[in-house]
Amino acid sequence: MTNHWVDIKNADLVMVMGGNAAEAHPCGFKWVIEAKKHRGAKLVVVDPRFTRSASVSDYYAPIRSGSDIAFLGGVIHYLLSNDKIHHDYVKRFTNAAFLIDAGFKFEDGFFSGYNAEKRNYAKDTWKYQLDSDGYAKIDETLQDPNCVFQLMKQHYSRYTPELVSKVTGTPKDRFLKVCEMIAETAAPDKTMTICYALGWTQHSVGSQNIRTMAMVQLLLGNMGMAGGGINALRGHSNVQGITDMCLYSEVLPGYLSAPTDADKTRDAYLAARTPKALRPNQMNFPQNFPKWFTSLQKAWYGNAATKDNDFCYDWLPKKDAGYDVLAIFERMYQGKMDGFVCQGFNPLAAVPNKRKVGEALAKLKYLVIIDPLVTDTSEFWKPHGEFNEADPAKIQTEVFRLPCNLFAEETGSYTNSGRVVQWHWQAAEGPGESISDTEVVARLFQKIKAMYQKEGGKLPEPILNLTWPYRIPAKPSPEELLMEISGKALGDVFDPKDATKVIAKAGEQLAGFAQLRDDGSTTCGNWIYGGVWSQAGNLSARRDNSDPSGLGQTLNWGFAWPANRRILYNRASCDPSGKPWDPRRAVIKWTGKAWGGNDVPDMRPDAAPDEGVMPFIMTPEGVARLFAPAMAEGPFPEHYEPFETPLDKNPFHPENPKALNNPVTRIYKGDSEAFGKAADFPYVGTTYRLVEHYHYWTKHATINAVLQPEQFVEIGEELAKEKGIVAGDKVKVRSSRGFIKAVAVVTKRIKALDVDGRKVHTVGIPIHWGFKGVAKPGFIANTLTPFVGDANSQTPEFKAFLVNIEKV
Amino acid sequence: MIRNPKDLARYTAHERANHWVVGISFILLALSGLAFFHPAFFPLAQLFGGGTWARILHPYVGVLMAVSFLVLFFRFSALNAMTPADREWLSRVGEMVDGNDHDMPEQGKYNGGQKLMFWALALCMLLLVASGIVMWRAWFDVPVGVIRLGAVVHAATAAVMIALIFVHVYAAIWVKGTIRAMWYGTVTRAWAKQHHRAWYRQVTGKS
Amino acid sequence: MALQSLDITRRSATTTPAPSVRQTTEVAKLIDVSACIGCKACQAACMEWNDIRDEIGTCHGVYDNPMDLTAKSWTVMRYAEVEQDGRLEWLIRKDGCMHCADPGCLKACPAPGAILQYANGIVDFHEEHCIGCGYCITGCPFNIPRLSKEDGKAYKCSLCSDRVAVGQAPACIKACPTGALQFGAKEQMKHYAEERIHDLQSRGYQKAGLYDPPGVGGTHVMYVLHHADQPELYSRLPNDPGISPLVSLWKGVAKPLATLALAGVALGSLFHYVTKGPNEVSKELEDELEKEDAK
């Protein structure tokens, strides 16, 4: 979330799309209800199903799963053609005025630079025109045909309400009503918040779904504002934390881009990641990259990391290929992996194409499961009737189960969707022989280290020299870990403006990432968490909920990264002169000498407005990007169909069959052959969660099992009638990868949609069931889903695929 | 056990046993039923081991009574067919109650009042069984509207039946020489001749 | 229950006043249906606080589960898909005891002290006094109590009388994530409801209103409904509920009248005997027969 949970209450319009907050985030959804109750806010829901969120909404519009960019592109078209944008904001705070390379084109569904063979783009035309000083050229009138604003306008001119309705299946009047509601928040003192979740990310165009909404929010001037922002509602209570700590193989802790084979030396690596400002006077905060990275190296290798050995840069693994979850299981499937350590993860259930995952696991020599529960994965080899037709005689994988504690059985920290790090205390002892995850990993490490010490082996140094400063080496304490993550001074740290002034003495905890240095005098496990444990102690354990502004900022509750800032880009909540766009919801303001107010300013505190330092300090240009060349598919999001689509062509590019799906998605051999065709699988399948359950955990819990005991799928009344299915019937849902059987819920809440001249039915498939647990045994829903992901994040396309359904 | 060989046999041992099964069931049912009927009677539940036992036992005793009553009904229904003489007797029941029974019309084994009692009890029994089944949640699940009706019918009918049995018992006490018919099975000839002269004639062949 | 024993306004099958010296504020649970997302947290909280676990059932083709109230599910969410004037609504209602001011269950109960009504309005079952007759079910206008198959006792929501007695809100209130469930003084809840109704009316629900049915003297569980004119839309919430006239008859006038009538018959018989004397076989007849025998 760029904003935070409580801030939702400040919105005038809450949009729930690409998610179902009431279902998946019932506690956070309280703030939506608060906004409705106390601000008179409206709630609009766009979803293939009339969801629990929709049940309390003011307006609902149906949409075909997998057509969000068409919908949101249509919103952009509406805002631009009806002049419903926040002009000053767009002009000053975004790159709307920036001039783009004259060679940049969009033709026939592809942007300039497409390489069909490699399925990627050469991005050399996706760039700003630079002046002689290396700064980007701009046209403040926004009239230049090569300026971002004009290019964007042109790009989305095709997204007419008629075509949008044709692609999305959203009735035109409903689409326009939603546009109207959104457009009202273009007023400087009105904000819309968007609550999305996996309904946007789990598509082959997931990242671009989100980016399209980011563009909408920028056009409306809703970023940085109280009650605005782009708000990803994260799945686990601590999934934000795990992402921050480098869940993704592409990044190191704190989203530092991980070195690859191309980054031969530390200098080259740093140079490629330390940008130069693209506009004058900008903060260009990523210029501090070397300080963050060096401090991380010190956290890992301590005294062994010195300037002379490049702080042990050579010991870091360099990425040679993808290591995302799909890539890992593809590699395993090809028999290229011996072992797999599976910690807090149930891939047999959670990764697409269960059959493929099961076969992949069967090719391992060993599988280590670190989990509090007996996961389905840990019994992938065991026959469970139709639910898991494994043949143990043919599987040689040795499975080790290491029981670990549940969250309530240990002390530690959570980071919620709003980036607020909150300390929590152990509530109970874990059962039996279970120990904390930390202890499991620490003991494994001790063992491995001892083996390297004894037996040598190939490149033992990274293991032997790893810093391990914990009081009990086999059991690092959560406190020690958070202090390490937060960062401390190894030598005295001096004020950059006054080299005689010591701002942190050697051995002290640092106050924040601003004190990090690239000379080896500081250590920090994750720069964005810098200051969470300062000399003042563990700030994540603070529980002062006083809220003087009434905005719900509660700056003394826990610690929000970065720098305890609650609303990111909050400088953008003020006009260029430093006055809040909406004084009633002032986040910060320029007091004449400094920035201050109800949040930690996302701005150099003494940057006077007339210096022209722009609010989006994490970009070298200082402004937000309506044109974003970092994206794999193109700088402007474009609608592409899911890899399994009921349509035979992309209605935006009917002439170009190659522009049917995301042109840069990575597809493994065998998987594309396993894509189903609409002729055999005519219905759109989509998977989702239910409020009664939590992933694949709570099927082990009696209360949850009582509340929702048995696997079901949801279909609309029209499809049910066609298929002769009545509520309560057992049905079989098939995709080209397998089948599941479940009870049919027949509902008015899923309507057939009129898409490109044909009727499209949706089959809703809640996940949650499996063959282990106390709930009624069920099928793994991901038996059905395709093994393909988003081109940027490789998040699998769980939300839109093709199925057929029949009564059993 | 014959007290006087000249006494007239009125009830066989089977008939008497049957009657007393019904009678005892009735007493148990009345006591337990009253316990649920009005708080004033709730202490009666203690006779059955408390309210819960009273609740559990009542319907089973009801079944016993219903079955034994049914047998009784088939034994005596033919004898209880109303005749014109019964109707006349009934129309002059006031004289009877007044203690002035000398001029009452001649009666067979049962007089009009007894026959009326027989049919009234049979009707009560029918209603109690039907409404009782409706209320018996341990075994039956019927719509609540029906249960509500059943509850009213059951309570009202039970009250009526208790009143009828009061009358039945009192009549037996009041008319001396009657109770022995249900104890020993016999009555004196004088008793028969006075109260059921037609029956007397029929069984003795005398005038 | 020592605390509560001083503020009982009614006690089942009891004709004399219950201990009622202590006066307390009338409380109410307000269920704002318009803010309820049907998450079943209330069901989970109810199970946890009361330490009861219903059976793990099956899916019946709807979201509801357990499908109905049971002796072990004292509250359930009911989901109704309603399409009116081309607009679809998913009306989700938390069902459970309404804690009527005039409780039909208590009226019908024959077991002294099995059902109590406290001065704060809570209607509570004390299962140790329950005899398992099910009359409470017969008496309830909302079809709430359920007999346990295991112990034959009747169970229903207690409005967490144990929590309320020590100043805590009921467990479901505590668990409700959206604030759809509110708890407090009944008057305060009515004021709160007014605000919600005003908000709903401003959103086009002209018939929004409070469900506090006068037919049962008002309830201590109230609903804010978008369609207060059509409560049946919410999974058959009764429109204008009241204690059935049959139940009133059964447990009302019938009881004393029939008792009097029975007493009348008994006393009548006694006095008949005393005044008219026994009906004995006449001496004449006996003599007559003796003569016959002598012949």
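## A tour of chains A, B and C

Start with chain B: 10 residues of its domain 1 are in contact with eight residues of its domain 2. Contact here means that the C-beta atoms of two residues, placed from the backbone, lie within 7 Å. The model is a predicted one, in which local features need pLDDT of at least 70, side-chain atom pairs count only at pLDDT 80 or more, and totals for chains, interfaces and linings use all residues. Residues are numbered from 1 along each chain as its sequence is written, while chains are lettered from A and ligands numbered from 1 in the order in which they are written.

**Stop 1: the two domains of chain B**

Select residues 9-89 and 111-173 of chain B for domain 1, then 175-207 for domain 2. These bounds come from an automatic or database domain assignment. The C-alpha centres of the two domains of chain B are 27 Å apart. Which elements give two or more residues to the side of domain 1 of chain B that touches domain 2 of chain B? Colour α1 and α6 of chain B: they are the ones. Helices are DSSP runs of H or I with at least four residues, strands are runs of E with at least two, and both are numbered from the N terminus. By class, this side of domain 1 of chain B has six nonpolar, two polar and two charged residues. Nonpolar covers Ala, Val, Leu, Ile, Met, Phe, Trp, Tyr, Cys and Pro; charged covers Asp, Glu, Lys and Arg; the others, Gly among them, are polar.

**Stop 2: chain B against chain C**

Keep chain B and add chain C. Here 38 residues of chain B are in contact with 40 residues of chain C. On the chain B side, select α1 (13-37), α2 (51-76), α6 (144-174) and α8 (189-195), each of which supplies at least two residues. Which element has the largest share of that side? It is α6(B), with 15 residues. The chain B side splits into 22 nonpolar, seven polar and nine charged residues.

**Stop 3: chain C on its own**

Hide chain B. Colour chain C by pLDDT, the predictor's confidence in each residue from 0 to 100. The average for chain C is 94, and 99% of the residues score at least 70. For the complex, the predictor gives an ipTM of 0.94 and a pTM of 0.94.

Now select residues 4-242 of chain C as domain 1 and 253-294 as domain 2. Their C-alpha centres are 56 Å apart.

Zoom in on β3(C) and β4(C). They form a hairpin with two residues between them. In the turn, Asp85(C) has a positive phi of about 50°. The two strands run antiparallel, joined by nine bridges. Strands count as paired if DSSP finds at least two bridges between them. Pick Tyr79(C): opposite it in β4(C) stands Ile92(C).

**Stop 4: chain C against chain A**

Bring chain A back. In this interface 32 residues of chain C are in contact with 35 residues of chain A. The chain C side takes two or more residues from each of α1 (41-50), β3 (76-84) and β4 (87-95). So the hairpin strands from the previous stop appear again, because β3 and β4 are on that list. How many residues does α1(C), with the largest share, give to this side? Five. The chain C side has 14 nonpolar, 10 polar and eight charged residues.

**Stop 5: chain A as a whole**

Show chain A alone. It has 21 helices and 33 strands. Its radius of gyration, taken over C-alpha atoms, is 26 Å, close to the 28 Å that the globule rule gives for 808 residues, so chain A is as compact as a globular protein of that length. The globule rule is 2.2 Å times the number of residues to the power 0.38. Along its principal axes, the C-alpha trace of chain A spans about 80 × 70 × 55 Å.

**Stop 6: domains 2 and 3 of chain A**

Colour chain A by domain: 6-235 is domain 1, 325-410 plus 428-464 is domain 2, and 657-807 is domain 3. Between domain 2 and domain 3 of chain A, the C-alpha centres are 27 Å apart. In that pair, 21 residues of domain 2 of chain A are in contact with 22 residues of domain 3 of chain A. On the domain 2 side, highlight α14 (325-333), α15 (347-350) and α16 (354-361) of chain A, each giving at least two residues. This domain 2 side holds 10 nonpolar, five polar and six charged residues.

**Stop 7: a parallel sheet in chain A**

Last, select β12, β13 and β14 of chain A. They make an open sheet of three strands in the order β12-β13-β14, with parallel pairing. At the edges are β12 (339-343) and β14 (398-403) of chain A, each pairing on one side only. The twist averages 15° from one strand to the next. Axes are lines fitted to C-alpha atoms (for helices, over the stretch in contact), and angles run from 0 to 180 degrees between N-to-C directions. Five bridges link β12(A) to β13(A), residues 366-371. Finish on Val341(A): its bridge partner in β13(A) is Val368(A).
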